[in-house]
Amino acid sequence: MAGDAMPTFCISENHCGTHAPIWLNGTHPLFHEGIVTLPVCASFSDNCCHWNASVDVKACPGGYYVYRLPRPSVCFHVYCGHFYDICDEDDCSGPRCPESNCRCTSGTVLGPDGQTCMDVNECEQSNGGCAEVCVNTKGSRRCECGPGRVLDKDGRSCREIAGCHVNNGGCSHDCSTTLDSYQCHCPRGLELGEDERTCQVPVQCDSSFITVSVPKDLVGGLELFLSNSSCRGVSNGTHINLSFSLKTCGTAVKVTANKIVATNMVTGLPRSSPGSSGDLIVRTSRLVLPVTCEFPREYHVSDGYQASLRSSILELAGHSEGVFWFSLELFKNAEFSEPYHTPPQLRLHDSLFFGVEPKERVEGLSALVESCFATPGPKAEQALKYFLIKDGCITDETVTQYSSKDQLSKHYQVPVFKFIGNDNRQVFLHCQVLVCGAGDIRCAQPCQGRVRREVRPEEPEEQRTLTAGPIIILT
């Protein structure tokens with residue numbers, strides 16, 4: 001990076017000596033603001049913000065800026081520097097003249113050094129007046145629209161595309177006209193995305209592994225690799241397959257209001273020499289394939305007073321895109337290392353050790369047990385239930401929480417009990433668990449008394465419950 005400062009406007013791809021230049025998508029801070037975190041974008045494939053991240057910026061007394069730049073996950077993501085224009089001297093003398101004799105052009109403002117004209121990010125105010133997407137440019141801004149829509153005559157509003165004759169109907173590949181409308185189609189091996197316009201490569205999402213299969217006839221002659229370029233595709237003759245997990249190959253994991261989102265990037269560049277696959281020619285210069293898997297944050301797990309068998313793991317789909325696997329285990333002692341493999345027979349006053357265990361442990365994620373309750377039968381919906389944990393708080397004073405080896409495991413101990421009645425010799429446990437990301441307020445303050453948690457609009461009304469058991473109470 002070189003120049004006066006990072007550019008705060010979109011830099012087109014194939015500039016700054018790289019394919020995907022990175023620019024600062026915000027306004028530089030003032031000196032009194034200290035260290036400020038701002039977003040950055042990488043321009044690629046006609047998208048000014050194809051990839052995004054955050055950097056720390058500080059304005060210094062000498063009129064310059066200092067940046068803390070994270071290492072990009074892709075080799076051709078390069079941070080840009082920019083030589084800004086110097087202000088024009090304003091010939092003025094007398095008491096009515098401004099303090100500075102420098103004048104900057106429209107769309108720029110005088111920088112802290114008193115001579116450099118820094119760009120103004122018009123998109124930071126009311127989205128630049130754009131109806132959908134605002135892209136900051138040098139000295140100005142431009143409005144853009146999402147797939148299937150184009151700018152109206154006012155240059156700000158967006159309208160639907162009338163058919164295939166306008167921008168291919170917004171279709172990423174094939175477009176065909178019907179009697180009163182149009183449809184997008186995909187080549188063999190691809191599927192139409194949720195926007196019904198963009199063709200996507202099928203992705204198999206699982207908390208233990210993610211698999212991408214790219215049809216070979218679409219990428220012949222290209223070498224495919226993930227964000228960590230050491231993770232490369234393997235050909236099976238018809239497809240190029242890439243497999244990775246939430247913890248490998250540069251996968252980024254973040255937590256939103258109700259989802260765990262894992263992202264990676266498949267990049268394809270021409271081979272330097274013919275490979276063993278027999279490719280002799282190449283039909284495209286590059287491939288960029290963002291991969292996203294979404295997993296739900298919240299679900300219920302249930303168990304009786306017996307071990308939750310390893311094959312009996314709750315599977316809950318999130319928008320048909322992925323599953324995150326947890327199980328409710330019953331352990332023999334406070335070491336929480338040896339689960340029961342057959343239904344235990346326990347006596348009153350014995351200790352019951354139980355815990356929530358993930359199948360895959362992912363750094364940066366944690367779990368909160370929002371509630372745990374017991375029922376005399378296998379169904380969690382029955383009226384008779386006894387709460388051990390409610391609203392993140394332990395409600396039975398005999399329950400003890402143990403420290404766990406990671407943030408996704410939760411371990412507890414409680415004296416064995418039974419429901420009143422000679423026929424009630426079985427007990428089943430049911431727990432509601434929430435997955436959290438770093439800095440999540442709900443998990444940072446787990447016990448919130450009896451305050452009812454708001455239902456998020458995207459949460460499913462019905463949730464699948466895993467049930468097993470029972471424990472036999474010996475009297």
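**Close-up views of a predicted model**

**View 1. The largest cavity and its lining.** The largest cavity in this predicted model has a volume of about 40 Å³, and the structure holds 1 cavity of 30 Å³ or more. Its lining is formed by Ala20, Phe44, His50, Val74, Phe76, His77, Met265, Thr267 and Val288; by class, these comprise 6 nonpolar and 3 polar residues, with no charged residues.

**View 2. Surroundings of Thr18.** Thr18 is placed in the segment that precedes strand β1 (20–24). Because its relative accessibility is 12%, below the 20% limit under which a residue is called buried, Thr18 counts as buried. When neighbours within four places in sequence are left aside, Thr18 is in contact with Phe76, His77 and Val78, and among these Phe76 and His77 also line the largest cavity.

**View 3. Two nonpolar cores.** The largest nonpolar core has 52 residues, and Leu224, Leu352, Phe354, Leu388 and Leu429 are those with the most contacts inside it. Apart from this core lies another, of 28 residues, including Phe9, Ile22, Val74 and Tyr84; of these, Val74 is also one of the residues lining the largest cavity.

**View 4. An open sheet of 4 strands.** The strands follow the order β18-β19-β22-β21 and pair in antiparallel fashion. The edges are formed by β18 (203–205) and β21 (234–235), each of which pairs on one side only. Strand β18 is joined by 3 bridges to β19 (residues 210–215), the two running antiparallel, and Val203 stands opposite Val212 in β19.

Technical notes: Residues are numbered from 1 along each chain as its sequence is written. This is a predicted model: local features need pLDDT of at least 70, side-chain atom pairs count only at pLDDT 80 or more; totals for chains, interfaces and linings use all residues. Side-chain values use heavy atoms; hydrogens and water are left out. Two strands pair if DSSP finds at least two bridges between them. Buried means under 20% relative accessible area, exposed over 50%, partly exposed in between (1.4 Å probe, protein chains only). Contact means heavy atoms within 4.5 Å. A nonpolar core is a set of buried Ala, Val, Leu, Ile, Met, Phe, Trp, Tyr and Cys residues joined through side-chain atoms within 4.5 Å. On a 1 Å grid over the protein atoms alone, a cavity is a set of points where a 1.4 Å probe fits but cannot get out, and a pocket is an open set with protein on both sides within 12 Å along at least five of seven lines; lining residues have an atom within 4 Å of a point. Grid points are joined across faces, edges and corners, and a volume is the space filled by probe spheres set on the points. Ala, Val, Leu, Ile, Met, Phe, Trp, Tyr, Cys and Pro count as nonpolar, Asp, Glu, Lys and Arg as charged, and the others, Gly among them, as polar.
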